[in-house]
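Biologist: Please take a close look at the nonpolar surface patch in this model. I would like to know which residues make it and where they sit in the fold.

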Amino acid sequence: MHKLHIPEEKCYKNIQEYGNTSAASIPLALAELKELKKIGSGSRVLMVGFGGGMTWGGALVELA
């Protein structure tokens with residue numbers, strides 16, 4: 001976030017509500033953002049996940 005100069009208000013974090021939800025973390029966050037009407041059709045979303053054993057992944061998607 002800091003290296004890409006993305007403002008903190010553009011980043012959604014919900015770990016304080018649920019803790020580590022493992023593989024459900026990103027879908028849960030997407031569902032919450034949709035419910036809050038912060039994302040929808042045409043939104044571009046950068047998703048990044050980190051796991052145990054130094055695993056990680058990221059994707060930039062445009063929602064249909």
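Modeller: What follows goes from the whole chain to the patch, and then to a serine beside one of the strands.

The model is predicted. Its protein chain has two helices and two strands, arranged along the sequence as α-α-β-β. The C-alpha atoms fill a box of roughly 35 × 25 × 20 Å along the principal axes. Of the 64 residues, 12% count as buried. The chain exposes about 5600 Å², and carbon and sulfur atoms supply 58% of that area. Among contacts between residues at least 6 apart in sequence, 6% join residues at least 24 apart.

The nonpolar patch covers about 790 Å² and is made by Leu-4, Leu-46, Val-48, Phe-50, Trp-56 and Leu-60. Strand E1 (44-50) and strand E2 (56-62) each supply at least two of these residues. E1 gives the largest share, with three. Trp-56 lies in strand E2. Its relative accessible area is 68%, so Trp-56 counts as exposed, the cut-off being over 50%.

Ser-43 is placed in the loop between helix H2 (25-35) and E1. This residue has a relative accessible area of 19%, and is therefore buried, since the limit is under 20%. The side chain of Ser-43 reaches the backbone nitrogen of Gly-40 at 2.9 Å. Setting aside neighbours within four places in sequence, Ser-43 is in contact with Val-61, Glu-62 and Leu-63.

In short, Trp-56 of the patch is exposed, whereas Ser-43 in the loop is buried.

Terms used: Residues are numbered from 1 along each chain as its sequence is written. This is a predicted model: local features need pLDDT of at least 70, side-chain atom pairs count only at pLDDT 80 or more; totals for chains, interfaces and linings use all residues. Side-chain values use heavy atoms; hydrogens and water are left out. Patches are made of residues with over 30% relative accessible area and no salt bridge: like charges are joined within 9 Å, nonpolar side chains (Val, Leu, Ile, Met, Phe, Trp, Tyr) within 5 Å. Accessible areas come from the Shrake-Rupley method with a 1.4 Å probe; for residues, only the protein chains shown count as cover. A salt bridge is a side-chain nitrogen of Lys or Arg within 4 Å of a carboxyl oxygen of Asp or Glu. Helices (H or I, at least four residues) and strands (E, at least two) are DSSP runs, numbered from the N terminus. Buried means under 20% relative accessible area, exposed over 50%, partly exposed in between (1.4 Å probe, protein chains only). A polar contact is a pair of N or O atoms within 3.5 Å; within protein, one must be able to donate a hydrogen and the other to accept it, and residues adjacent in sequence count only if both atoms are side-chain atoms. Contact means heavy atoms within 4.5 Å.
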